[in-house]
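Student: Let us go through the charged pairs and a helix in the structure below, one question at a time.

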Amino acid sequence: MKVNEMTAVQLNMDIQNKLGLFSDNINVLEKISKFLDSLIAKKKDDSLMTKDEFFAMLDKSSKQAEEGKVHRWHKGESIEEYVKRIENGL
């Protein structure tokens, strides 16, 4: 089976099986670990923001609140009702 035809689960199992071939070779495992660390370091977390971005977001939210552009959760309202009401612009 080609790699592009594998599911994520199949690919994960394939990688685990291949790693098992090196279970007795500490040098290779260290290299693999360093390589994986480098991949993790390159992965961008979209939820991260700079200090300036964070404070800009707060400023924008404060301005919207001052203009009355806020959504309030009504007492007894379910999350589904709240989201639906916001989506409908009510």
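Student: Is lysine 18 buried, partly exposed or exposed?
Tutor: The model is predicted. In it, lysine 18 has a relative accessibility of 47%. Exposed needs over 50% and buried under 20%, so lysine 18 counts as partly exposed.

Student: Which residue meets the side chain of lysine 18 in a salt bridge?
Tutor: The partner lies in helix α1 (residues 8-20), as lysine 18 does, and the two are four residues apart, about one turn of the helix. The N to O distance is 3.0 Å. The partner is aspartate 14.

Student: How many salt bridges does a search of the whole structure find?
Tutor: Among them is the pair of aspartate 14 and lysine 18. Glutamate 67 forms another with lysine 69, at 3.2 Å between the closest N and O atoms. Glutamate 77 and arginine 85 also meet in one, at 2.8 Å. The search finds three.

Student: Is glutamate 77 buried or exposed?
Tutor: Its salt-bridge partner, arginine 85, is buried, with a relative accessible area of 13%. Glutamate 77 has a relative accessibility of 13%. The cut-off for buried is under 20%, so glutamate 77 counts as buried.

Student: And lysine 69, buried or exposed?
Tutor: Glutamate 67, its salt-bridge partner, counts as partly exposed at 44% relative accessibility. Lysine 69 has 56%. Exposed means over 50%, so lysine 69 counts as exposed.

Student: Which backbone nitrogen does a side-chain oxygen of asparagine 25 reach at the start of α2?
Tutor: Helix α2 covers residues 26-42. The side-chain oxygen comes to within 3.2 Å of the backbone nitrogen of asparagine 27.

Methods. Residues are numbered from 1 along each chain as its sequence is written. This is a predicted model: local features need pLDDT of at least 70, side-chain atom pairs count only at pLDDT 80 or more; totals for chains, interfaces and linings use all residues. Side-chain values use heavy atoms; hydrogens and water are left out. The expected span of a helix is 1.5 Å times one less than its number of residues. A polar contact is a pair of N or O atoms within 3.5 Å; within protein, one must be able to donate a hydrogen and the other to accept it, and residues adjacent in sequence count only if both atoms are side-chain atoms. A salt bridge is a side-chain nitrogen of Lys or Arg within 4 Å of a carboxyl oxygen of Asp or Glu. Buried means under 20% relative accessible area, exposed over 50%, partly exposed in between (1.4 Å probe, protein chains only).
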